[in-house]
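Me: I have a model open and want to go through how its strands and helices are arranged. Can we take it piece by piece?

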Amino acid sequence: MKIVVACGGTGGHAFPGFAVAEELKGRGHDVTVWDSGRDIESSVMRNWHGATFSTGARQLSIRNGLSILASILRCRREMRKESPDVVLAMGSYSSLPPVLAARGRRIPVVLHEANTIPGRAVEFLSRFAKKVAISFDVTAKHLPGCETVRTGLPVRADISSGKRFEFIPADAFVVFVTGGSQGAHMVNCLASEALAMAKAELDKRWTKGRTLYVIHQTGAKDEGDVMATYAHVALPARVHAFEREMANAFASADLVIARAGASTCFELAACGKPAMLIPLPSAMRNHQHFNADAFAAKGAADEANQSQLTAKQLCRYIIERYDHPEKLAAMSEKMRALATPDAAARVADLVEEVAK
């Protein structure tokens, strides 16, 4: 079969799309990945070795009206030329032009919603989809009138097969901080200040314990400032704007401090890593809070409110987890229980079913 997988906008939508695309490709299908062509996607697209097409999709706003219309027309021309059997759209604004183009050609559509609360694009486009794959059971009640199937969220195939970085001391307590592929300024500020404070507090102890080590994915804007913060207190750290060895970063971590995007949550589950989740307050429909709440309710993670969290509070949390590894072990076990390792295969099954 000929299949279009429309994903992009952020790494959180692109990586799950690639995971399903690889699964479908492995089953012998002719798969083309459609992205929006944003710069942020270029680093992610390196992971896909197959046909691609850039739609030029833009975020949903009146200001982008003409660009969105141009993208829809561009997708219609490509859809007419490619004539796929089915389209899988992974959500976000990047799904709008491909799905509307497929609708015009009467090509069946499968949607995937990553988060607990559907985004505006999926909510609108669900009326055109044969089926909607969802990551959380609770999502179904927000899409009345649609046929939903819980598949879980596909994650990168290699994310759970990493190895601890060899340059990190074997006895180190490792904290991995990530705000996602684009970084998160407030998480960077809070975490770097808190970790610097934790380093100072641990240095004061009479009995020296495990060394504190940090892995920090900052995004482009904060890389220099975060590096300077750690250097000022001589805190050993691996700091990159974009961490290209995410599997090894997860494998090395004892504790993760992160946003609560769906991809991050399910990657944590796949790797069994306990986390402090700090949802993005401005996330559409507050979906990151509900993602974090779903994981916190199972005891796999803790959730903090960004507007109320201080660096001192986060420092105390890090020290408390440092002193009580048994709590991290219990969280790790509960986190693994939330993983859906066959999510990509489940979505691929759904795509094949709809196409037939």
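**Sheets and helices**

Reply: This is a predicted model. One open sheet is built from 6 strands in the order β10-β9-β8-β11-β12-β13, and their pairing is parallel.

Me: Which are the edge strands there?

Reply: β10 and β13 (301-303), each of which pairs on one side only. Neighbouring strands of this sheet are turned by 15 degrees against each other on average, with direction ignored.

Me: Over how many bridges do β9 and β10 pair?

Reply: Strand β9 (residues 212-217) and strand β10 (residues 237-240) pair over 4 bridges, in the parallel sense. Within that pairing, Val214 has Ala237 in β10 as its bridge partner.

Me: And what joins β8 to β11?

Reply: Strand β8 (residues 173-178) runs parallel to strand β11 (residues 255-258), and 4 bridges join them. Thr178 has Ala258 in β11 as its bridge partner.

Me: Back to β9 and β10. Is the β-α-β unit they make with α7 right-handed or left-handed?

Reply: Right-handed; the helix in that unit, α7, covers residues 223-232. α7 lies across both β9 and β10, and runs at about 170 degrees to β10.

Me: Which strands does α10 lie across?

Reply: Helix α10 (residues 287-296) lies across β12 (275-277) and β13. The angle of α10 to β13 is about 135 degrees.

Me: Now the sheet with β1 in it. What is the strand order?

Reply: The order is β3-β2-β1-β4-β5-β6-β7, an open sheet of 7 strands with parallel pairing. β3 (51-54) and β7 (148-150) are the edge strands, each pairing on one side only. On average, neighbouring strands of this sheet are turned by 25 degrees against each other, direction ignored.

Me: How many bridges pair β6 with β7?

Reply: Strand β6 (residues 131-134) pairs with β7 over 3 bridges, in the parallel sense. Ala133 stands opposite Val149 in β7.

Me: What about helices on that sheet? Where does α3 lie?

Reply: Helix α3 (residues 65-82) lies across β1 (2-6), β2 (30-35), β3 and β4 (86-89), and it runs at about 175 degrees to β2. Helix α4 (residues 96-104) lies across β1, β2, β4 and β5 (109-113), with an angle of about 155 degrees to β5.

Me: Changing topic to helix packing. At what angle do α6 and α11 cross?

Reply: Roughly 55 degrees, with the axes of helix α6 (residues 185-203) and helix α11 (residues 311-323) coming within 8 Å. That angle makes α6 oblique to α11.

Me: Is the crossing left-handed or right-handed?

Reply: α6 passes α11 in a right-handed crossing.

Me: Which residues meet?

Reply: From α6, the residues are Leu190, Ala191, Glu193, Ala194, Leu195, Met197, Ala198, Glu201 and Leu202. In α11 they meet Ala311, Lys312, Leu314, Cys315, Ile318, Ile319 and Tyr322.

Me: How many of those are nonpolar, polar or charged?

Reply: The contact of α6 with α11 has 13 nonpolar residues, no polar ones and 3 charged.

Note on methods
Residues are numbered from 1 along each chain as its sequence is written. This is a predicted model: local features need pLDDT of at least 70, side-chain atom pairs count only at pLDDT 80 or more; totals for chains, interfaces and linings use all residues. Side-chain values use heavy atoms; hydrogens and water are left out. Axes are lines fitted to C-alpha atoms, for helices over the stretch in contact, and angles run from 0 to 180 degrees between N-to-C directions. Helices (H or I, at least four residues) and strands (E, at least two) are DSSP runs, numbered from the N terminus. Angles under 35 degrees count as roughly parallel, over 145 as roughly antiparallel, 65 to 115 as roughly perpendicular and the rest as oblique. A crossing is left-handed if the near helix is turned anticlockwise from the far one by less than a right angle, and right-handed if clockwise. Contact means heavy atoms within 4.5 Å. Ala, Val, Leu, Ile, Met, Phe, Trp, Tyr, Cys and Pro count as nonpolar, Asp, Glu, Lys and Arg as charged, and the others, Gly among them, as polar. Two strands pair if DSSP finds at least two bridges between them. A crossover is right-handed if, with the strands pointing away from the viewer, the path from the first strand over the helix to the second runs clockwise.
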